[in-house]
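Dear colleague,

I am passing on the structure below for your files. A summary of what was found in it follows the entry, arranged by topic.

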Amino acid sequence: MTEELKNSDNQWLRKQIVEISRRLSAEGFNINSSGNVSVRAQRGQKEGFLVTPSGVDYETMRPSDLVFVELKKDAAVFWGKLKPSSEWQLHEHIYRKRPDVGSVVHTHSCYATALSCMEEAIPPFHYMIALSNAAKINCAKYATFGSVELAQHAVDALGEQSLACLLSHHGVIACGKDLQKAFALAREVENLSHMWLLIRNSSGSCEMIKSTEMDKILEKFKHYGQTGTNVK
Ligand SMILES: [Zn+2]
């Protein structure tokens with residue numbers, strides 16, 4: 001894990017998570033208390049992540065309601081007054097498998113979730129697919145919400161480098177080095193999903209971007225990291 005991914009569990013970070021959770025709700029990404037947000041953090045000597053609690057409305061959520069999940073070698077320990085999100089294992093599996101990930105945003109945003117019900121990857125029809133750090137956005141196999149199986153399928157769909165995937169008949173996972181980037185990617189996946197549904201439902205044809213060109217775009221994104229990733 002790089003130094004830049006090391007956040008401390010503090011009030012500033014907790015406020016950021018609450019603010020982004022409210023924005024996801026305000027922008028219609030998460031209805032009621034669906035979806036969840038986490039950031040990798042340290043609490044003293046404990047390594048883990050802060051995650052939104054289970055079943056708490058984003059409007060009334062307070063920074064102190066967040067749960068710190070300590071990642072021990074063979075177990076997870078919860079620190080907080082409330083239960084963590086029912087999908088805490090999704091976040092846990094990603095942080096354990098992907099040291100490059102510093103934040104995970106899970107949404108049920110409308111267009112991306114509609115696509116997830118078709119159980120298909122979003123192909124390279126638009127260059128911004130590369131914001132996910134891969135040439136397509138995979139769709140994880142179906143498993144019951146809140147299950148370890150779902151967490152494993154999500155990790156498989158993300159693979160070694162992708163920062164986003166769909167969850168069959170469920171929603172979206174967007175990751176990033178930090179919370180702002182994960183949030184920006186969640187927004188972009190929704191935007192791309194909207195476009196892809198429009199294309200699928202039109203009578204026009206759509207050629208995919210060739211893999212050599214996608215490789216070029218992926219390389220370019222590495223060098224222009226801030227392109228399209230800042231939340232305005
Ligand atoms: Zn969900």
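Which strands does helix 4 (residues 148–158) lie across, and at about what angle does the helix run to strand 7? Helix 4 lies across strand 6, strand 7 and strand 8, and its direction makes an angle of about 140° with strand 7. Please note that this is a predicted model.

The sheet

Eight strands make up an open sheet with mixed pairing, in the order 4-3-2-1-5-8-7-6. Its edges are strand 4 (76–79) and strand 6 (139–140), each of which pairs on one side only.

Strand 1 (residues 36–43) and strand 2 (residues 46–51) run antiparallel and are joined by six bridges. Within this pair, serine 38 stands opposite valine 51, and glutamine 42 has glutamate 47 as its bridge partner. The two strands form a hairpin with two residues between them. In the turn, glycine 44 has a positive phi of about 65°. Strand 2 is also joined to strand 3 by four bridges, again in an antiparallel arrangement; here leucine 50 has phenylalanine 68 as its bridge partner.

Helices against the sheet

Helix 2 (residues 88–97) lies across seven strands, namely strand 1, strand 2, strand 3 (67–71), strand 4, strand 5 (103–107), strand 7 (164–167) and strand 8 (171–176). Helix 2 runs at about 50° to strand 1.

Helix 1 (residues 11–26) has 16 residues and spans 22 Å from its first C-alpha to its last, close to the 22 Å expected at 1.5 Å a residue. The buried residues of helix 1 include Leu13, Ile17, Val18, Ile20 and Leu24, as well as the polar-named Arg14, Gln16 and Ser21. Among the elements that cover these buried residues are strand 1, strand 2, strand 5 and helix 5.

The nonpolar core

The largest nonpolar core has 66 residues, of which Leu166 and Ile173 touch the most other members. Helix 5 (residues 179–200) gives the most to this core, with nine residues. Leaving aside residues up to four places away in sequence, isoleucine 173 touches Leu90, Ile94, Val104, Val105, His106, Leu158, Leu163, Ala164, Cys165 and Leu167.

The zinc site

One of those contacts of isoleucine 173, His106, is also a protein donor of the zinc ion. The donors are His106, His108 and His170, each through NE2, lying 2.1 Å from the ion. Their spacing in sequence is H-x1-H-x61-H. Is histidine 106 buried or exposed? Histidine 106 is buried, because its relative accessible area is 1%, under the 20% cut-off. Histidine 108, by contrast, counts as partly exposed at 31% relative accessibility.

Backbone angles in one loop

Most residues other than glycine have a negative phi. Where do glutamate 119 and asparagine 133 lie? Glutamate 119 lies in the loop between helix 3 (110–116) and strand 6, and asparagine 133 is found in the loop between helix 3 and strand 6 as well. Glutamate 119 has a positive phi of about 55°, while the phi of asparagine 133 is positive too, near 65°. Glutamate 119 counts as partly exposed at 48% relative accessibility, and asparagine 133 counts as partly exposed at 23%.

With kind regards

Key:
Residues numbered from 1 in each chain as written. Predicted model: local features only at pLDDT ≥ 70, side-chain atom pairs only at ≥ 80, totals over all residues. Heavy atoms only, no water. Donors = N, O, S within 2.8 Å, 3.2 Å for Na, K, Ca; no water. Buried < 20%, exposed > 50% of the residue type's maximum accessible area, 1.4 Å probe, protein only. Pairing = 2+ DSSP bridges. Contact = heavy atoms within 4.5 Å. Axes fitted to C-alpha atoms, helices over the stretch in contact; angles between N-to-C directions. Core = buried A, V, L, I, M, F, W, Y, C linked by side-chain atoms within 4.5 Å. Expected span 1.5 Å × (residues − 1).
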